[in-house]
Amino acid sequence: MKNQLDFIADRLEKHIAETKKITATPNKGITRLPFTLESKRCVHYLEEQMKQLGMTVSEDASGAVIGVIQGKSEERIMIGSHYDSVEHGGAYDGMAGILCGIEIAAYYIRNNIIPPYTLEIAGLNDEEGARFGGGYLSSKAFLGKWSTNDLKQYVDKNGLSYYDAMKLYGLEPEHMIRAQRPLSKWKGYLEIHVEQGPILENAKKEIGIVETIVAIKRYYITIVGKADHAGTQPMNTRSDAVMAAMGLIHHMNEYVLSHKPMVGTVGEIHVYPNEINIVPEEITFSIDVRSSKEEWLEECIELVEEDLKELEGIGFKCKMKPTLTNTVTHMKTEWKKVLKESADSLGFSNMFLDSGAGHDAAIIGKAVDTAMLFVPSVGGRSHIPEEYSSEKDLAKAVLVAIDFINKID
């Protein structure tokens, strides 16, 4: 086993080193937004690796790259993750899972073993939503959840929509429905991912077996007040959009802190006119709240809505635009047990845990049987250039996944 482990770890290290070069921000982390030159270069790299192994390779209508190896059964297990990134992100988020999938396929091919199920290794597109504010593009496309009108609604900071960007990229957004998969052919979905948090490292565990993926709600909120001179307008007569937003954000934060382990984030803020000596007229900011208890999310959003009504009552104009709503996703119970058996039999320490991050598994897992493996993130850090997970830990997840695939009925 040690030789296999080291061999796979070495291959993963080389893959990571190559894909790390595919970024719009060299030396400043990974920026690989959907439907960009970097996106296309990454797809070409993944296609080449799959073709070298002898896999049947295609790119679907959502921009996902798929490599297939025939199994003893026509039933299909998809093994995948996403190749897009946040801006200035890390080299392991998403990409490590695709490369682990390629190494799972490589194991069977290298050893002349026909897998028990037909395997689809998937590099999925735009899980993050970093460019258009949507996210889960490929995973939702697999389930037929995108209409042409939907693709026109989400736009990037330059006003370019999914629809327009896809056309410029060389895809046909009108044909997105062709990415939909017949669920009758799926045995299920398996995703390997870096944890992106500190739980595994703190517990000194090599493998994490995901039980649930939390619910997420995301919105953009705009508050419009009135611009005035920063020196001459008295404080009690101002309609300061930033001060109004601060009160709402503080109120939301208090709620989140009192409902542990719920989390809430205001990660994006735009202020107009954004001048040092002008009272801010307008602010637009994001809110992202997550919890395994959906009723807490509902209560938190109701609180935000009440605050906005109060602001409207004193003269502000407010708008709240939803961009993402995910309910809790539960991983398949029997598969969690098999993953633990596999990790135990291989001698890898493991534990069950929930995922506080969203993943393609959160979407696909609502339609087909799904399982997910985590590997430790050093320092528990992710979505930053310093993001790192050991390739040897990733190789352990590959071996657990292979044993799992061989065991499930």
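Buried means under 20% relative accessible area, exposed means over 50%, and partly exposed lies in between. The exercises below use this scale on a predicted model.

**Exercise 1. Classify the two partners of the Lys 332–Glu 334 salt bridge: buried, partly exposed or exposed?**

Step 1. Take Lys 332. Its relative accessibility is 23%, so Lys 332 counts as partly exposed.

Step 2. Take Glu 334. Its relative accessible area is 45%, so Glu 334 is partly exposed.

Step 3. Check the pairing. A salt bridge needs a side-chain nitrogen of Lys or Arg within 4 Å of a carboxyl oxygen of Asp or Glu. The closest N and O atoms of Lys 332 and Glu 334 are 3.7 Å apart.

Step 4. Look for shared partners elsewhere. Arg 76, Glu 120 and Arg 181 are joined into one network by salt bridges that share partners.

**Exercise 2. Where do the partners of two further salt bridges stand on the accessibility scale, for Glu 174 with Lys 167 and for Arg 290 with Asp 288?**

Step 1. Recall the principle. Side chains of opposite charge can pair when their charged atoms come close.

Step 2. Start with Glu 174 and Lys 167. Their closest N and O atoms lie 3.7 Å apart, and the two form a salt bridge. Glu 174 has a relative accessible area of 37%, so it is partly exposed. Lys 167 is partly exposed too, because its relative accessibility is 44%.

Step 3. Turn to Arg 290 and Asp 288. Their side chains meet in a salt bridge with an N to O distance of 2.8 Å. Both residues are buried.

Step 4. Put the pairs in context. The count for the model comes to 17 salt bridges.

**Exercise 3. Asp 228 is buried. Which side chain of opposite charge is nearest, and how far away is it?**

Step 1. Locate the residue. Asp 228 sits in strand β8, which covers residues 228-229.

Step 2. Find the nearest opposite charge. That is Lys 226, at 4.2 Å.

Step 3. Apply the cut-off. A salt bridge requires the nitrogen and oxygen to be within 4 Å. Asp 228 has no salt bridge.

Step 4. Look for another side-chain partner. The side chain of Asp 228 makes a polar contact of 3.3 Å with that of Gln 233.

**Exercise 4. Describe the setting of His 259, then find the cis peptide bond in the loop between α8 and β9.**

Step 1. Place His 259. This residue lies in the loop between α8 (241-257) and β9 (263-265).

Step 2. Judge its exposure. The relative accessible area is 17%, so His 259 is buried.

Step 3. List contacts. The His 259 side chain reaches the backbone oxygen of Tyr 255 at 2.7 Å. A polar contact of 2.9 Å links the side chains of His 259 and Ser 258.

Step 4. Follow the loop. Pro 261 is also in the loop between α8 and β9. The peptide bond between Lys 260 and Pro 261 is cis, with omega about 5°.

**Exercise 5. Which backbone features mark Pro 273, Asn 274 and Lys 204?**

Step 1. Set the expectation. Most residues other than glycine have a negative phi, and most peptide bonds are trans.

Step 2. Examine Pro 273. A cis peptide bond joins Tyr 272 and Pro 273, with omega about 5°. Pro 273 belongs to the loop between β10 (269-272) and β11 (278-279).

Step 3. Examine Asn 274. Its phi is near 60°, a positive value. Asn 274 also lies in the loop between β10 and β11. With a relative accessible area of 60%, it is exposed.

Step 4. Examine Lys 204. Phi is near 60° here, again positive. Lys 204 is in the loop between α7 (199-203) and β6 (207-213). Lys 204 counts as exposed because its relative accessibility is 70%.

**Exercise 6. Which residues gather in a patch of negative charge on the surface, and where is Glu 306 found?**

Step 1. Name the members. They are Glu 294, Glu 295, Glu 299, Glu 302, Glu 305, Glu 306 and Glu 310.

Step 2. Place Glu 306. Helix α9, residues 294-313, holds this residue.

Step 3. Check exposure. Glu 306 has 49% relative accessibility, so it counts as partly exposed.

**Exercise 7. Which side chain does Asp 6 contact?**

Step 1. Place Asp 6. It lies in helix α1, residues 2-19.

Step 2. Find the partner. The Asp 6 side chain makes a polar contact of 3.0 Å with the side chain of Lys 392.

Step 3. Compare Lys 28. It is 22 residues from Asp 6 along the chain, and their C-alpha atoms are separated by 29 Å.

Note on methods. Residues are numbered from 1 along each chain as its sequence is written. This is a predicted model: local features need pLDDT of at least 70, side-chain atom pairs count only at pLDDT 80 or more; totals for chains, interfaces and linings use all residues. Side-chain values use heavy atoms; hydrogens and water are left out. Patches are made of residues with over 30% relative accessible area and no salt bridge: like charges are joined within 9 Å, nonpolar side chains (Val, Leu, Ile, Met, Phe, Trp, Tyr) within 5 Å. Accessible areas come from the Shrake-Rupley method with a 1.4 Å probe; for residues, only the protein chains shown count as cover. Lys and Arg count as positive and Asp and Glu as negative; His and the chain ends are not counted. The place of a charge is taken as NZ of Lys, CZ of Arg, CG of Asp or CD of Glu. Helices (H or I, at least four residues) and strands (E, at least two) are DSSP runs, numbered from the N terminus. Buried means under 20% relative accessible area, exposed over 50%, partly exposed in between (1.4 Å probe, protein chains only). A polar contact is a pair of N or O atoms within 3.5 Å; within protein, one must be able to donate a hydrogen and the other to accept it, and residues adjacent in sequence count only if both atoms are side-chain atoms.
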